[in-house]
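Visitor: I should like a close look at a single part of this model. Please describe its surroundings in one connected account.

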Amino acid sequence: MTIKLTLPYPISANRYWAVRVIPKKPKPLAITYVTEEAKAYKAAVGHLAKAAGIRVPATGRVVLHIQLFPNRPQDWAKRARKDPHTWDDTVQCIDLGNCEKVLSDALNGIAWVDDKQIRRTLLERMKPDERGARLEVAIEYLAAAPSLLDGLAA
């Protein structure tokens with residue numbers, strides 16, 4: 001079974017997690033936490049996942065196919081004329097590893113119980129298009145508990 005999602009463009013991992021240092025003797029204590037911006041992104045992803053038919057987190061293995069579409073700049077046509085084959089390399093875009101980590105964290109507890117269930121990931125940076133910046137994700141459930149199959153839309 002495969003579920004397809006179109007999600008908002010992910011925030012940077014640098015804005016997803018933050019570190020607070022608490023002065024403590026004998027050594028300061030560093031605490032990593034999820035930011036308010038990250039909580040808002042996760043809530044938006046959760047809402048869209050539920051709208052797509054995900055009702056309970058999967059307990060089995062999953063495969064992800066992730067397509068990252070950066071925002072198309074206003075001068076994209078000029079760039080494409082100048083360099084038709086690789087113009088999109090000049091477009092600002094977060095790196096794919098950063099994208100995958102933010103996405104897997106955002107879908108933890110929603111599409112799967114824990115991201116350690118992800119068995120394979122295909123990441124692709126796509127050419128910007130008229131539909132805007134976004135993340136298109138296909139989640140393939142390799143092995144699912146019967147209750148999950150009952151909760152997912154066919």
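Guide: A nonpolar core is a set of buried Ala, Val, Leu, Ile, Met, Phe, Trp, Tyr and Cys residues joined through side-chain atoms within 4.5 Å. In this predicted model, the largest such core has 31 residues, and those with the most contacts inside it are Y41, L107, W112, L135, I139 and Y141. Two or more residues come from each of β1 (2-7), α1 (13-16), α2 (36-51), β4 (62-69), α4 and β6 (134-141). Helix α4 gives the most, with five residues, and is the part examined here.

Helix α4 covers residues 96-107. At 1.5 Å a residue, its twelve residues should span 16 Å, and the end C-alpha atoms are indeed 16 Å apart. At the N-terminal end, D95 acts as a cap, with a side-chain oxygen 3.2 Å from the backbone nitrogen of G97. Just after the helix, G109 adopts a positive phi of about 80°.

Because nine of the twelve residues of α4 are buried, the helix is largely enclosed by the rest of the structure. The buried residues include polar ones such as N98, E100, S104 and D105, as well as V102, L103 and L107.

Within this helix, S104 merits attention. Its relative accessibility is 1%, so S104 counts as buried, the cut-off being under 20%. The side chain of S104 makes a polar contact with the side chain of D115, at 3.4 Å. Leaving aside residues up to four places away in sequence, S104 touches W112, D115 and I118. On the same basis, W112 touches S104 and L107 of the helix, and its other contacts include P57, V62, L64 and I139.

How values were computed
Residues are numbered from 1 along each chain as its sequence is written. This is a predicted model: local features need pLDDT of at least 70, side-chain atom pairs count only at pLDDT 80 or more; totals for chains, interfaces and linings use all residues. Side-chain values use heavy atoms; hydrogens and water are left out. Helices (H or I, at least four residues) and strands (E, at least two) are DSSP runs, numbered from the N terminus. Buried means under 20% relative accessible area, exposed over 50%, partly exposed in between (1.4 Å probe, protein chains only). A polar contact is a pair of N or O atoms within 3.5 Å; within protein, one must be able to donate a hydrogen and the other to accept it, and residues adjacent in sequence count only if both atoms are side-chain atoms. Contact means heavy atoms within 4.5 Å. The expected span of a helix is 1.5 Å times one less than its number of residues.
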